[in-house]
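Let's take a walk through this protein together, beginning where the ligand sits and moving outward from there. Please keep the sequence and the 3D view open as you read.

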Amino acid sequence: MDRDIRNIVILTGAGISAESGLATFRGPDGLWEGHRVEDVCTPEALARNPALVHRFYDERRARLDAVEPNPAHEALAALDVEWPGDLLLVTQNVDDLHERAGAKRLIHMHGELRSALCAACGKAVPWSAPLPPESTCAGCGKPRLRPDIVFFGEMPYEMDAIDEALRRADLFVSVGTSGAVYPAAGFVQTARHVGAHTLELNLEPSAGSVYFDESRMGPASLLVPALVRELLT
Ligand code: APR
């Protein structure tokens, strides 16, 4: 990668956590194979059957205790610490493996399992236990805590900050995502528009592969450490 790279934006998806043992959404045994999005990941589902929605996220939150960051998470954390220019790691994932690996310049655009959001006052609080429906918000006292997950049809978090970083990017890297869900799937277009080099690291071609300058196919735990070595030497 022979170019003057200063500002990097990296987007990660479920594929970066697959080798840590967490299910992806659309692959074999994917989460959307066992559940319908409209039953567990929409505001309507939460209103219609809160117990089912809360249970779906309780099960996924509990699974976090049994998994560890893999070499891909660790390599990105090392890049975050050592990279002298701007670097923003944007994850679609709601697991905590990037932060557990040590990443700091990190945005969870789809929310986090280890957080609860008050639907009444909008306050988010760290949460690692099961979250029964109608749990009380310590901030406003109302029984309106819900999983701090961005449901389909809701606005992802920190889009202004993400957009600003993309517009300044010299390099955009996408790791382990099918490119099936917007706005994340459109980030490569924004990066291309500003002249950034665009690189996809994925196990297989994705819906977005056609938009990338370069695609490297293989497991994230091999491709990401190799890319970080390339960038840091
Ligand atoms: N290494 C690299 N890539 C992998 C690996 C691996 N070990 N295993 C799987 N992948 C790739 C798959 O080939 C697939 O392209 O990761 C991608 C996972 O795609 P999805 O399951 O669709 O997950 P993701 O792209 O993160 O989904 C985006 O959709 O349902 C919503 O909010 C949810 O954030 C999620 C969003």
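**A tour from the ligand outward**

The residues in the shell around the ligand divide into nine nonpolar, ten polar and three charged. Please keep in mind that this is a predicted model. In total, 22 residues surround the ligand, and the closest are F25, R26, T177, S178 and E204.

Which atoms of H110, L203 and A220 come up to the ligand? From H110, a polar side-chain atom lies 2.9 Å from an oxygen atom of the ligand. L203 takes part through its backbone, with an N or O atom 3.2 Å from a nitrogen atom of the ligand. A220 also takes part through a backbone N or O atom, and here the distance to a ligand nitrogen atom is 2.9 Å. How much of the ligand's own surface does the protein bury? Taken alone, the ligand exposes 740 Å², and the protein buries 92% of that.

T177 is a good residue to follow from here, as it is one of the closest to the ligand. You will find T177 in the loop between β7 and α9. Is T177 buried or exposed? T177 counts as buried because its relative accessibility is 13%, and the cut-off for buried is under 20%. The side chain of T177 is also joined to that of Q92 by a polar contact of 2.9 Å.

That loop has another feature to look for. P183 is found in the loop between β7 and α9, and a cis peptide bond joins Y182 and P183, with omega at about 5°.

Now let's turn to the empty space inside the protein. Rolling a probe the size of a water molecule over the atoms shows where empty space is left. How many cavities of 30 Å³ or more are there? The count comes to one, and about 80 Å³ of space lies in the largest cavity. T177 appears again here: the largest cavity is lined by 14 residues, of which S174, T177, G179, A185 and F212 lie nearest its centre. β7 (171-175) and α9 (187-193) each supply at least two residues of this lining. By class, the lining of the largest cavity holds seven nonpolar residues, six polar and one charged.

The second largest pocket is the next stop, with about 200 Å³ of space. Its lining is made up of L46, A47, P50, H54, A119, P133, E134, P143, R144, L145 and R146. Which helices and strands each supply at least two residues of that lining? They are α4 (43-48), α5 (50-63) and β6 (145-149). Sorted by class, the lining of the second largest pocket has seven nonpolar residues, one polar and three charged.

E134, one of the residues lining the second largest pocket, deserves a look at its backbone too. E134 has a positive phi of about 65° although it is not a glycine. E134 lies in the loop between β5 (124-126) and β6. With a relative accessible area of 62%, E134 is exposed, because exposed means over 50%.

E158 also has a positive phi, of about 55°, although it is not a glycine. Look for E158 in the loop between β6 and α8 (159-167). Its relative accessible area is 47%, so E158 counts as partly exposed.

Two strand residues round off the tour. H197 lies in strand β8 (residues 197-202). At 17% relative accessibility, H197 counts as buried. Along the chain, H197 and L76 are 121 residues apart, and their C-alpha atoms are separated by 18 Å.

S215 has its place in strand β9 (residues 214-217). Why is S215 called partly exposed? S215 has a relative accessible area of 34%, so it falls between the cut-offs of 20% for buried and 50% for exposed. Finally, S215 and G153 are 62 residues apart in sequence, and 30 Å lie between them in space, C-alpha to C-alpha.

Methods: Residues numbered from 1 in each chain as written. Predicted model: local features only at pLDDT ≥ 70, side-chain atom pairs only at ≥ 80, totals over all residues. Heavy atoms only, no water. Near = heavy atom within 4 Å. Polar contact = N/O pair within 3.5 Å; in protein donor to acceptor, adjacent residues only side chain to side chain. Areas by Shrake-Rupley, 256 points an atom, 1.4 Å probe, with all protein chains shown as cover. Nonpolar A, V, L, I, M, F, W, Y, C, P; charged D, E, K, R; others polar. 1 Å grid on protein atoms, 1.4 Å probe; cavity = no way out; pocket = protein on both sides within 12 Å on 5 of 7 lines; lining within 4 Å. Points joined across faces, edges and corners; volume = space filled by probe spheres on them. Helix = DSSP H or I, 4+ residues; strand = E, 2+ residues; numbered from the N terminus. Buried < 20%, exposed > 50% of the residue type's maximum accessible area, 1.4 Å probe, protein only.
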